[in-house]
Amino acid sequence: MADHPADQNDQKNLSEGAAAYADPGSSQAAVTRGMFLTKTGLATIGIGGLIGAAVGLPVGVAALAPAFETRSYHEVNLGPASNFTGTKDWQDVTFEVDPKDESGIYRRLAYVRSNGGDDFTVISNTCMHLGCPVQTAGTGFACPCHGGQYDSEGRRTDGPPARALNRYENRVENGNLILGALKAVNDKGKFVNLKGPGQPVDGILSYLYPDAPQ
Amino acid sequence: MPATRPSVRQLAVDAPLEWVEERSGFVGLVEKFLFRKVPSDTSWLQTLGSSLLTVFILQAITGVVLAMNYDPSVSGAHDSIVFITNDLTGGWLIRGMHKWGSSVMVILLFLHMARTFMFGAYKYPREMTWVTGAILFIMVMAMSFTGYLLVWDQRAVWATVVGVNINGSAPIVGPFIANFLKAGPEFGAQTLSRFYSLHMLVIPGGIATFIFLHMWLVVRLGVTSPPWSKKRYDEAAAREAVETSR
């Protein structure tokens with residue numbers, strides 16, 4: 001027992017009564033070696049956690065932030081409204097939703113129909129099943145990907161789409177047809193907040209799809 | 001006894017290996033890994049995991065060469081794919097290996113998982129091997145999804161639009177997952193660079209980490225005998241074997 005210096009110290013302390021200094025190896029010490037190591041270990045984990053958070057938090061925020069940005073839309077001038085009058089058929093028109101971009105990735109196609117006077121219906125060609133481009137078929141629209149079918153008002157008639165085709169807000173200004181925001185259309189034909197393809201805007205199912213920024 | 005001249009083999013092979021072993025223990029580690037005991041009735045069916053590892057290494061190496069020549073921008077991505085295929089020396093082969101290798105990896109993964117399931121090799125004490133394998137499965141699916149977009153032709157873009165919207169049609173979290181994948185409400189330039197980063201940095205790191213964990217468990221726990229084995233499956237013996245190996 002007495003081989004170890006700490007043990008010798010221990011015995012000496014015991015024999016001399018209260019001592020100002022106790023070897024950390026002995027059980028008499030105010031802070032024993034075991035306590036010190038445990039606390040240092042916990043401190044290491046704590047400080048390590050803080051450093052991890054200091055690095056991880058900005059990284060996580062930067063990676064997730066774009067998912068919460070709202071869509072910025074620019075009004076698009078489609079030119080003289082008279083170009084789209086004179087027929088009751090759908091006429092397709094392409095335009096850039098991001099005027100700065102030249103790559104074509106933000107080019108959109110819409111179908112325009114004149115309802116007489118300054119009243120136009122502008123339907124987006126994004127299928128409300130999973131986002132493929134629809135094309136006119138007969139009097140309505142059809143999607144080549146999974147067979148979604150829509151009538152002449154863009155309402156679903158067959159296949160997997162979750163709702164009617166989106167529409168653009170529009171107005172005629174100085175004789176030009178101006179497109180505004182893209183809107184979802186509910187069962188009653190009313191404009192509602194835009195949601196992604198495949199996400200219903202009517203009935204109980206619509207509550208399962210919270211409005212993510214669009 | 002006079003000292004004999006060391007042979008060429010001793011000088012060229014044994015001595016360097018001894019030098020490395022003394023300092024690192026790597027040689028012993030490799031020996032333990034390669035010369036471990038397996039049941040005598042293992043068959044070709046148990047080589048699917050090694051095949052997967054080989055294909056992953058192949059994908060990693062060909063992927064590095066592709067990344068050297070790929071331009072993850074909306075205007076340059078497809079042009080750089082055309083350059084790799086038509087102009088880069090051997091580029092058609094590297095891209096072909098990576099493209100077909102991705103399909104081979106998914107096929108092998110399903111066969112490997114089916115083998116494990118049919119053999120009941122996910123049972124005690126190999127539950128964690130199964131779970132790490134399931135996580136690897138999800139990550140390989142994510143690799144296929146993110147890699148498909150990078151070709152940046154019409155098929156790549158529309159297939160990925162559909163894939164992102166499938167994610168979006170999950171209840172509650174779906175719309176947010178879709179926006180996370182698209183890097184915003186619109187599918188566009190940020191989507192491509194995000195998919196590129198996930199495809200060549202984030203997910204491969206995860207796969208490499210989980211392959212290490214998966215193989216650690218395989219080596220630690222050993223290989224199961226097939227169901228038709230006469231030695232199989234004595235749970236008490238298996239537990240005892242694990243106890244004694246500690």
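## Helix packing and loop geometry in chain B

In helix H3 of chain B, the residues B:Leu53, B:Phe56, B:Ala60, B:Gly63 and B:Ala67 meet B:Met200, B:Pro204, B:Ile207 and B:Ile211 of H9(B), where two residues are in contact if their C-beta atoms, placed from the backbone, lie within 7 Å. Of the residues in this contact of H3(B) with H9(B), eight are nonpolar, one is polar and none is charged; Ala, Val, Leu, Ile, Met, Phe, Trp, Tyr, Cys and Pro count as nonpolar, Asp, Glu, Lys and Arg as charged, and the others, Gly among them, as polar.

The model is predicted, with local features needing pLDDT of at least 70 and side-chain atom pairs counting only at pLDDT 80 or more, while totals for chains, interfaces and linings use all residues. Residues are numbered from 1 along each chain as its sequence is written, and chains are lettered from A and ligands numbered from 1 in the order in which they are written. Helices are DSSP runs (H or I, at least four residues), numbered from the N terminus.

The axes of H3(B), residues 48-69, and H9(B), residues 189-221, come within 12 Å and cross at roughly 155°, the axes being lines fitted to C-alpha atoms over the stretch in contact, with angles running from 0 to 180 degrees between N-to-C directions. That angle makes H3(B) roughly antiparallel to H9(B), a term for angles over 145 degrees. H3(B) passes H9(B) in a left-handed crossing, that is, one in which the near helix is turned anticlockwise from the far one by less than a right angle.

A second helix pair is H1(B), residues 8-24, with H2(B), residues 26-34, whose axes come within 6 Å and cross at roughly 95°. This makes H1(B) roughly perpendicular to H2(B), the range for that term being 65 to 115 degrees. B:Leu17, B:Val20, B:Glu21 and B:Ser24 of H1(B) make the contact with B:Phe26, B:Val27 and B:Gly28 of H2(B), and the residues involved divide into four nonpolar, two polar and one charged.

H5(B), residues 91-118, has 28 residues and reaches 40 Å from its first C-alpha to its last, close to the 40 Å expected at 1.5 Å a residue, where the expected span is 1.5 Å times one less than the number of residues. Its buried residues (20 or more other C-beta atoms within 10 Å of a residue's own, C-beta atoms being placed from the backbone) are B:Ile94, B:Arg95, B:Met97, B:Leu108, B:Leu109, B:His112 and B:Thr116. These residues of H5(B) pack against H3, H4 (77-86) and H6 (127-149) of chain B.

After H5(B) comes B:Gly120, with a positive phi near 65°. In the loop between H5 and H6 of chain B lies B:Pro125, and the peptide bond from B:Tyr124 to B:Pro125 is cis, with omega near 5°. Two residues other than glycine also have positive phi values, as tabulated here.

| Residue | Phi | Loop in chain B | Other C-beta atoms within 10 Å |
|---|---|---|---|
| B:Trp152 | near 60° | between H6 and H7 | 24 (buried) |
| B:Ala183 | near 60° | between H8 and H9 | 22 (buried) |

Turning to the interface, 24 residues of chain B are in contact with 24 residues of chain A. On the side of chain B that touches chain A, H7 (154-168), H8 (174-182) and H9 each supply at least two residues, and the residues of that side divide into 14 nonpolar, nine polar and one charged.

Notes:
Parallel < 35°, antiparallel > 145°, perpendicular 65-115°, else oblique. Buried ≥ 20, exposed ≤ 12 C-beta atoms within 10 Å, placed from the backbone.
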